[in-house]
Amino acid sequence: QAANVMLTRNVIYNINASANTPWLPVGSGIRCGDADNLQVYNNTIDNAWLGVYYHGQVPGGPPYGHITTENNIVVNSAGWGFVNPWNQNLNFFTDGYNLTYNDATTYGNYPANNNGPTATDVGFQNPLFVNEAAGDYRLQAGSPAIEKGINVGLPYPGSAPSLGAFEPLLLRITGNGSNCTISWTGTATLQSAPTVPGTWSDMTGVTNPYSFSPAGSQKYFRLKQ
C-alpha cells in the first residue's frame, strides 16, 4: 500500500503454495493494493500462484492507484500471470512489453477488461532461461525476450532493453586500421583462445574497453561470468 514505489530487477520464484485460494493468495509474486504510482519494471517471476495481483485497499474494494507493469517475465503461474479481478477502469493501468509463458491463465482483466496480451507484449513464448531448474534466469542467446522491451530509465545494452531481471552480456569487436577494440556490457571476465575449441584463458589486467594490435592469423574472444 505504499505510493511512488519502483520494483525492478527482482527474481521471484517457487512461492506457489498448495493452500492458496483464488483471492486469498499467499503465493503472489507481486501483490499490490491501493498502491498509487507503483512501477513494476524488469522482474522475473517463476512458479508463483499469481504473478502480479492488483486490487484496491481490500480485495474487491476501492480505492485504487495507478500501476505500470512493463518489461517483465511471468512464467509457470498455477493461477494467473497478471490479474485484476474487480476493476475495469483503464486509467489505473500502464501495461505492455511483458512476456508470459505456461501460466494456467495468463491474464484476468489486466489491464482492465483484458484477457490476452497487449499489442506490445511478446506473447506466449518460452523465454529460454540459461538454467531455470538451477535458478539461473539469465537469457540464452536467441531468447525472444532479448531487446523487446521499452526504455523505462534503467541501463541497457543494444538497441532496446531486454525483458526480465537480467540484461544479456554483449561483446563487441570493432576495427580501425591496424587496431581493434573490444568492449562489453555487464560484469564479466574477458577470455581469449587461439582456436574456438582451444584452451580459453582469462585476460588479466585488461580494462573495458580493451584495445590491441592483432598478431597472427586468428584469435578468439568470449566473456565468462
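**Backbone exceptions, a parallel sheet and an aromatic cluster**

In this predicted model, proline 111 is placed in the loop that runs between strand 12 (105-108) and strand 13 (123-124). The peptide bond that joins tyrosine 110 to proline 111 is cis, with an omega of about -5°. A second cis peptide bond leads from asparagine 208 to proline 209, where omega is near 5°, and proline 209 is likewise a loop residue, located between strand 19 (201-202) and strand 20 (210-212). As background to these assignments, most peptide bonds are trans, and most residues other than glycine have a negative phi.

Positive phi values were found at two asparagines. Asparagine 47, a residue of strand 5 (residues 44-48), has a phi near 60°; its relative accessibility is 24%, and it therefore counts as partly exposed, a class that begins where the buried class, under 20%, ends. Asparagine 76 also has a positive phi, near 60°, but is situated in the loop between strand 8 (73-75) and strand 9 (80-83).

Strands 5 and 8 both belong to an open sheet of five strands, arranged in the order 2-5-8-11-13 with parallel pairing. Strand 2 (11-15) and strand 13 stand at the edges of this sheet, and because each has a single partner strand, one side of each is left without a neighbour in the sheet. At the strand 13 edge, two bridges connect strand 11 (residues 99-101) with strand 13 in parallel, and threonine 100 has phenylalanine 124, in strand 13, as its bridge partner.

Attention was next given to the aromatic side chains, for which a pair of rings is described by the distance of the centres and the angle of the planes. The model contains ten aromatic pairs. In one of them, the ring centres of tyrosine 64 and phenylalanine 92 lie 5.4 Å apart and their planes meet at 15°; the pair is therefore stacked, given that planes under 30 degrees apart fall into that class. This pair links distant parts of the chain, since tyrosine 64 lies in the loop between strand 6 (50-55) and strand 7 (67-70), whereas phenylalanine 92 lies in the loop between strand 9 and strand 10 (93-96), 28 residues apart. Tyrosine 64 has a relative accessible area of 14% and is buried, and phenylalanine 92, at 19% relative accessibility, also counts as buried.

Phenylalanine 82 and tyrosine 110 form a tilted aromatic pair, with 5.4 Å from centre to centre and 40° between the planes. Here too distant parts of the chain are linked, with phenylalanine 82 in strand 9 and tyrosine 110 in the loop between strand 12 and strand 13, 28 residues apart. Both phenylalanine 82 and tyrosine 110 are buried, and tyrosine 110 is also the residue that precedes proline 111 at the cis peptide bond described above. Ring pairs join Tyr64, Phe92, Phe82 and Tyr110 with Tyr54, Phe93 and Tyr107 into a cluster.

A further link between separate parts of the chain involves threonine 105, a residue of strand 12. Threonine 105 is partly exposed, with a relative accessible area of 33%. The C-alpha atoms of threonine 105 and glycine 79 are 6.1 Å apart in space, although the two residues are 26 residues apart in sequence. When residues up to four places away in sequence are not counted, threonine 105 touches Gly79, Trp80 and Gly81.

Methods
Residues are numbered from 1 along each chain as its sequence is written. This is a predicted model: local features need pLDDT of at least 70, side-chain atom pairs count only at pLDDT 80 or more; totals for chains, interfaces and linings use all residues. Side-chain values use heavy atoms; hydrogens and water are left out. Helices (H or I, at least four residues) and strands (E, at least two) are DSSP runs, numbered from the N terminus. Buried means under 20% relative accessible area, exposed over 50%, partly exposed in between (1.4 Å probe, protein chains only). Two strands pair if DSSP finds at least two bridges between them. Rings of Phe, Tyr and Trp (its six-membered ring) pair if their centres lie within 6.5 Å; planes under 30 degrees apart count as stacked, over 60 as edge-to-face and the rest as tilted. Contact means heavy atoms within 4.5 Å.
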